[in-house]
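Let's take a walk through a protein model together. Keep the 3D view open and turn it as you read.

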Amino acid sequence: MKTPLLIGAACLLALLSTIGASLPYPILPPLFAAGVSNGLNQFLGLPPKLLFGLALTINPLGLLIGSALLGPMSDRYGRRPVLLITAVGAAIGHAATACALLLESYPLFIVARFVTGLLEGNGSVARAMLADRLDGDLRRKALSWLNGAFYMGWLAGPLLAGMTLVWGITVPFWIAVAALLLVAVLVAAVLPTEAPSLATTSWWQVARDRHSLNLLREPDLRNLFIVTLAYTCGVTAFYEFYPLWLVEVPGFGARGIAWTTAAMCAVMTTTTMFAGRPFKGEPLLRARRFALITASLIALLAASNAWVGIAAIILYGIPHSIYNAIVPNWCAERFGAHGQGAVMGLISTTFCLANIIMALVGAVLTLIDTRLILVLGAMLTAWSAWRMQTWHASMARDDRAKLEGALQ
């Protein structure tokens, strides 16, 4: 496959997959926090905000498992078949979500969101596909463009939901079904058929023995996990609960949330066009600076009024997109020997774990005040920036020791 077609296929795959994943974010807060009773927010008599937090948790739980398994499984079985199966399966998951909303069945909604998340954990496969076929400046640019496609999906998904809700609450999910089936057709058409692996291990053995969390046996990869988990806990606290903040403070509905999210993601996408350019200096220290800016904007949201908070939400897209243009490429270069699918799967798995942790913590803290979860997120993101500084110093010492040992 020619390189431009490979990059284009990966980016379109990311775009269409993320559209499906991002559709519910403008839809859920009004269902659970607008004060109107329905079958979803009255399940077992539990507080609607608690049900909202659990609804946010279940999809990332599926993503956590899928991200840990799908990257390594694509190392074993090939990128093409894994992407085909997951795209079709996620389409079925969105169809089940639409049925759950029609029936106002909270249990069916939870199961459907879990299965969809499990199969949409294929972002690590797309990243690995680029990481193992490209190198140098082209790989850095391609991974940055891929991030831009993910961001564009976060723009298109909420905007699509807000604009199509007038025809029914399930319409956005049926559009997601069509989009993901288009992904499957795209994968089948443009990705080359791969030679079958000579390995004889079963899929269960691959899932058990080669999942991404096995990388935590390596000290540097444990540090990557800790730093990334802290940063993404802050990020997920922001993006999971700023829609609830928009309902409670400016009084927005689904359409207002959609337009605010669209503005933020447009800023992210525009920034990504420039974020993949070469730069001087250490990547980890550069990422640290933008993590600090991200933490500051999350803290500003927690402490501000309606219009300042909306500005903080939109501007958040700048430092976060630059951070995400730096870290995956640096990881591909430094840790690629462990398998690009496994390394990218570890990054995706950490993100999903952060989703689960902050959704559960936020389900409790928002019963007191939504701003508390945002303050916690800002603190965790700032701590991750401090930890990057100490980790960089430790790696520099280790690298010098290895060089001195090789020269002796």
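What follows goes from the whole chain to pairs of helices and then to single residues.

**The big picture**

First, keep in mind that this is a predicted model. The protein chain has 16 helices and zero strands. It runs to 408 residues, and 56% of them count as buried. Now think about contacts between residues with a separation of 6 or more: in 85% of these, the partners sit 24 or more positions apart. You can see one such long jump in Leu50 and Leu367, which are 317 residues apart in sequence, yet their C-alpha atoms are 7.7 Å apart in space. Leu50 belongs to helix H3, residues 48-77. With a relative accessible area of 24%, Leu50 is partly exposed.

**Helices side by side**

How do you describe two helices that pack against each other? You give the angle between their axes and the distance between the axes. Here are three pairs to look for.

| Helix pair | Angle between axes | Distance between axes |
|---|---|---|
| H12 and H14 | about 150° | 9 Å |
| H4 and H6 | about 155° | 10 Å |
| H10 and H14 | about 165° | 13 Å |

Let's begin with helix H12 (residues 283-303) and helix H14 (residues 317-335), whose axes make an angle of about 150°. An angle over 145 degrees counts as roughly antiparallel, so H12 is roughly antiparallel to H14. H12 passes H14 in a left-handed crossing. On the H12 side, the contact is made by Pro283, Leu284, Arg286, Ala287, Phe290, Ala291, Ile293, Thr294 and Leu297. H14 answers with Pro319, His320, Ile322, Tyr323, Ile326, Val327 and Trp330. Sort the residues of this contact by class and you get 13 nonpolar, two polar and one charged.

While you have H12 on screen, try counting along the contact residues. An α-helix has 3.6 residues a turn, so residues three or four places apart point the same way.

H14 also packs against H10, with an angle of about 165° between them. H10 and H14 are therefore roughly antiparallel to each other, and H10 passes H14 in a left-handed crossing. From H10 come Asp220, Leu221, Leu224, Tyr231 and Val235, and they meet His320, Tyr323, Trp330, Cys331, Arg334 and Phe335 in H14. By class, this contact of H10 with H14 has eight nonpolar residues, one polar and two charged.

The remaining pair is H4 and H6, at about 155°. H4 is roughly antiparallel to H6, and the crossing of H4 past H6 is left-handed. Arg79, Val82 and Leu83 of H4 make the contact with Val125, Ala128 and Met129 of H6. Five of these residues are nonpolar, none is polar and one is charged.

**A helix on the inside**

Is helix H6 buried or exposed? Nine of the nine residues of H6 (residues 123-131) are buried, so this helix is largely enclosed by the rest of the structure. The buried residues of H6 include Gly123, Ser124 and Arg127.

**A few residues to click on**

Go to Thr97 in helix H4, residues 79-103. Thr97 counts as buried because its relative accessibility is 0%. Apart from residues up to four places away in sequence, Thr97 touches Phe109, Ala112, Arg113, Thr116 and Phe173.

A little further along is Glu104, in the loop between H4 and helix H5 (106-119). What is the phi of Glu104? It is positive, about 50°, although Glu104 is not a glycine. Most residues other than glycine have a negative phi. Glu104 counts as partly exposed, at 41% relative accessibility.

Next, find Arg222 in helix H10, residues 219-248. Arg222 is partly exposed, with 39% relative accessibility. Leaving aside neighbours within four places in sequence, Arg222 is in contact with Leu216 and Arg217.

Finally, how many salt bridges does the structure hold? It holds one. The side chains of Asp369 and Arg371 meet in it, at 2.7 Å from N to O. Asp369 counts as partly exposed, at 24% relative accessibility, and Arg371 also counts as partly exposed, at 42%.

Definitions and conventions:
Residues are numbered from 1 along each chain as its sequence is written. This is a predicted model: local features need pLDDT of at least 70, side-chain atom pairs count only at pLDDT 80 or more; totals for chains, interfaces and linings use all residues. Side-chain values use heavy atoms; hydrogens and water are left out. Axes are lines fitted to C-alpha atoms, for helices over the stretch in contact, and angles run from 0 to 180 degrees between N-to-C directions. Helices (H or I, at least four residues) and strands (E, at least two) are DSSP runs, numbered from the N terminus. Angles under 35 degrees count as roughly parallel, over 145 as roughly antiparallel, 65 to 115 as roughly perpendicular and the rest as oblique. A crossing is left-handed if the near helix is turned anticlockwise from the far one by less than a right angle, and right-handed if clockwise. Contact means heavy atoms within 4.5 Å. Ala, Val, Leu, Ile, Met, Phe, Trp, Tyr, Cys and Pro count as nonpolar, Asp, Glu, Lys and Arg as charged, and the others, Gly among them, as polar. A salt bridge is a side-chain nitrogen of Lys or Arg within 4 Å of a carboxyl oxygen of Asp or Glu. Buried means under 20% relative accessible area, exposed over 50%, partly exposed in between (1.4 Å probe, protein chains only).
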